[in-house]
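Colleague: Let us go through this one together. I will ask, you reason from the model.

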Amino acid sequence: MNDNVVNRDGERLRRRSLLAAAGVLGLTGGAVAVTRGEPARAAAGVTKKITIYAEALPGNLIGYGLTRGGATIPGPILEMYEGDTLEITLVNTTTQRLSIHPHGVDYSVDSDGSPFNASFNEPGQTRTYTWRSHEMTTVAGRRFMPGSAGYWHYHDHALGTDHGTGGLARGLYGALIVRRRGDILPDKQITVVFNDMLINNKSAPNTPMFEANLGERVEWIAIGHGSLFHTFHLHAHRWADNRTGMLEGPADPSQVVDNKDLNPGSSFGFQVLAGEAVGPGAWMYHCHVQMHSDTGMAGIFLVRNADGTMPPGAQEAIDRFQGHQHTAAATAATTATESAQPHVHGGTGS
Ligand SMILES: [Cu+2]
């Protein structure tokens with residue numbers, strides 16, 4: 001069930017997965033062979049060329065998108081296997097300088113994305129950035145040099161200030177996943193960005209409601225931005241605090257957590273089986289800094305029944321979260337409000 005990351009949720013299909021394209025290229029390899037005293041056998045990576053458009057969005061926001069008119073906040077999930085190269089042509093359709101700067105991968109100074117290295121797009125300019133990645137290698141003494149695999153992220157580093165503070169505030173950020181060959185692929189993906197007092201630049205009850213069916217393998221990528229410290233908490237699910245969120249075996253010493261620091265510039269990811277051991281329902285995700293959750297840093301992870309139907313009580317919980325009265329008159333009024341705010345149920349792509 002996990003041999004492709006194409007999402008089944010129509011809402012989320014708008015976010016095109018680059019790994020799906022990699023799968024077409026036959027990049028579903030086996031485990032990395034690491035032999036003591038030798039470099040890991042480098043799999044032949046591929047170079048993927050993509051174009052990203054930085055575009056103004058309503059509300060003084062700016063997003064990255066894979067098509068013209070397709071910008072979203074967060075931007076698209078970019079994925080590669082260790083050894084692959086991403087060649088990103090960034091088209092700046094805005095009237096301000098901006099850039100794209102990655103975490104975790106390898107790049108030269110002219111792909112740094114910072115004004116410090118004269119690496120950014122002027123207004124209207126197109127510029128290519130190259131991100132490389134590598135596999136784990138061994139060195140003498142049974143020491144391993146890490147590969148690029150991880151749940152990373154990318155963001156602007158030039159709008160507003162030399163650190164991209166204005167671009168980050170306005171939505172120029174997204175998830176970057178580097179997978180190790182043999183990693184288990186998810187059914188669905190969710191990007192959650194705690195950005196100052198907002199989640200994906202929205203505040204409750206307009207934060208995204210993410211959905212999955214019972215038992216689906218859901219990959220969360222959590223990213224922190226802004227100038228505040230946060231803690232990410234997901235109700236009723238738990239994960240191992242390691243690279244993948246899964247235990248490697250019964251003796252894996254990784255701590256199992258359901259809450260993790262999410263500070264500016266940091267990121268982590270994990271996979272859960274939706275509703276595992278707890279069943280379907282409307283579960284919450286939120287910042288666990290109380291003054292943050294109380295003022296809007298919360299959203300819903302809706303785990304539907306395995307057949308996609310709503311579990312008992314879930315709609316009532318969602319209505320409660322959104323402050324609805326469950327009457328016909330209130331529903332009509334609410335529908336009008338929501339049609340004016342298309343991002344209320346926007347899912348990951350909104
Ligand atoms: Cu917080």
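Colleague: How many helices and strands are there in the protein?
Modeller: This is a predicted model. The protein has both helices and strands. The count is five helices and 21 strands.

Colleague: What share of the residues is buried?
Modeller: A residue is buried if 20 or more other C-beta atoms lie within 10 Å of its own. The protein has 350 residues. Of these, the buried share is 43%.

Colleague: Among contacts with a separation of 6 or more, what share joins residues 24 or more positions apart?
Modeller: Take the contacts in the protein with a separation of 6 or more. Keep those between residues 24 or more positions apart. Their share is 71%.

Colleague: Which strands stand at the edges of the four-stranded open sheet?
Modeller: The pairing in this sheet is mixed, and the order is β2-β1-β4-β6. An edge strand here has a single partner, so one of its sides is left without a neighbour in the sheet. That applies to β2 (61-65) and β6 (126-132).

Colleague: What is the average twist from one strand to the next in that sheet?
Modeller: The sheet runs in the order β2-β1-β4-β6. From one strand to the next, the twist averages 25°.

Colleague: Do β1 and β4 pair in the parallel or the antiparallel sense, and which residue of β4 is the bridge partner of Ala54?
Modeller: Strands of a sheet pair through backbone hydrogen bonds, in either sense. Strand β1 (residues 47-57) and strand β4 (residues 85-92) are joined over eight bridges, and their sense is parallel. The bridge partner of Ala54 in β4 is Asn92.

Colleague: Which proline follows the cis peptide bond in the loop between β2 and β3?
Modeller: The bond starts at Ile73, and its omega is near 0°. The loop lies between β2 and β3 (78-81). The proline is Pro74.

Colleague: Where is Pro205, which is joined to Ala204 by a cis peptide bond?
Modeller: Omega of the Ala204 to Pro205 bond is about 5°. Pro205 sits in the loop between β12 (198-199) and β13 (209-213).

Colleague: Is Ala236, with its positive phi, buried, partly exposed or exposed?
Modeller: Phi of Ala236 is near 70°, and the residue lies in the loop between β15 (231-234) and β16 (239-240). Buried would need 20 or more C-beta neighbours, and exposed 12 or fewer. Ala236 has 17 within 10 Å, so Ala236 is partly exposed.

Colleague: And Ala277: buried or exposed?
Modeller: Ala277 has a positive phi of about 70°. The residue is in the loop between β19 (267-273) and β20 (281-287). Ala277 has 8 C-beta neighbours inside 10 Å, so Ala277 counts as exposed.

Note on methods
Residues are numbered from 1 along each chain as its sequence is written. This is a predicted model: local features need pLDDT of at least 70, side-chain atom pairs count only at pLDDT 80 or more; totals for chains, interfaces and linings use all residues. Two strands pair if DSSP finds at least two bridges between them. Helices (H or I, at least four residues) and strands (E, at least two) are DSSP runs, numbered from the N terminus. Axes are lines fitted to C-alpha atoms, for helices over the stretch in contact, and angles run from 0 to 180 degrees between N-to-C directions. Two residues are in contact if their C-beta atoms, placed from the backbone, lie within 7 Å.
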